[in-house]
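Visitor: I'd like to walk through this model and ask how its labels are earned. Where do we start?

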Amino acid sequence: MYYLNNFFLFSILGHLFETIIFVILGSKRKSGFLYLWWTPFYGIGVLLTIATNKLANKYIKSKSLKEVLLLVFHFILFSILEFSGGTLLHFIYKKDFWNYSKVPLNMGKYISVPTSLFWAIFAFIYIHVINKFSDRIIKKIPKILTVILSCVFLGDLVFTLLKVLWK
């Protein structure tokens, strides 16, 4: 339940974050590709951050080496996640959900150095600050709520994909 709850919490917070950014920028864009209130990229990102941090804690004893390697690894990992996510969403929807081609130091539409650096720094902040607070929330989420969220999420995913594929 811990990992599912992290996925849901950060998918929802990510959706809220992007919605606020879009409102501030005056954009009419919608966060994510699903109909409801989550953006799975954020949930997946946090799960990858948790997993890589656990592996680093297990195998790398030097704290400073671990921090540097995690920063570099998260930069690469989130670049791969953005590229694969952007490519998959383009394949399914025939449109781009984000495009970094006008961002300096871009590597095509889906990856840019500033964005990947932002995600790597966010992973660092998550590991050292946010996780302590989010774990308190995660531990209080009742199992039944996790089950309900799982069912609603899967329903949203199936409904969204069926609607898109039957167009």
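Guide: With α3, which supplies 4 residues, the largest share of the lining of the largest cavity. Helices here are DSSP runs of H or I, at least four residues, numbered from the N terminus. This is a predicted model, where local features need pLDDT of at least 70, side-chain atom pairs need 80 or more, and totals for chains, interfaces and linings use all residues. Residues are numbered from 1 along each chain, and side-chain values use heavy atoms, without hydrogens and water.

Visitor: What makes something a cavity?

Guide: On a 1 Å grid over the protein atoms alone, a 1.4 Å probe must fit at its points but be unable to get out. Points join across faces, edges and corners, and the volume is the space filled by probe spheres set on them. The count is 1 cavity of 30 Å³ or more, and the largest has about 30 Å³ of space.

Visitor: Which residues line the largest cavity?

Guide: Lining means having an atom within 4 Å of a point. Glu67, Leu70, Leu71, His74, Ala120, Phe124 and Ile127 line the largest cavity. α3 (63-93) and α4 (113-140) each give two or more residues to that lining.

Visitor: How do you know that α2 and α4 meet?

Guide: Contact means heavy atoms within 4.5 Å. Residues of α2, including Phe41, Tyr42 and Val46, meet residues of α4, among them Trp119, Phe122 and Ile127.

Visitor: Why is the α2 crossing of α4 called right-handed?

Guide: Right-handed means that the near helix is turned clockwise from the far one by less than a right angle, and α2 passes α4 that way.

Conventions. On a 1 Å grid over the protein atoms alone, a cavity is a set of points where a 1.4 Å probe fits but cannot get out, and a pocket is an open set with protein on both sides within 12 Å along at least five of seven lines; lining residues have an atom within 4 Å of a point.
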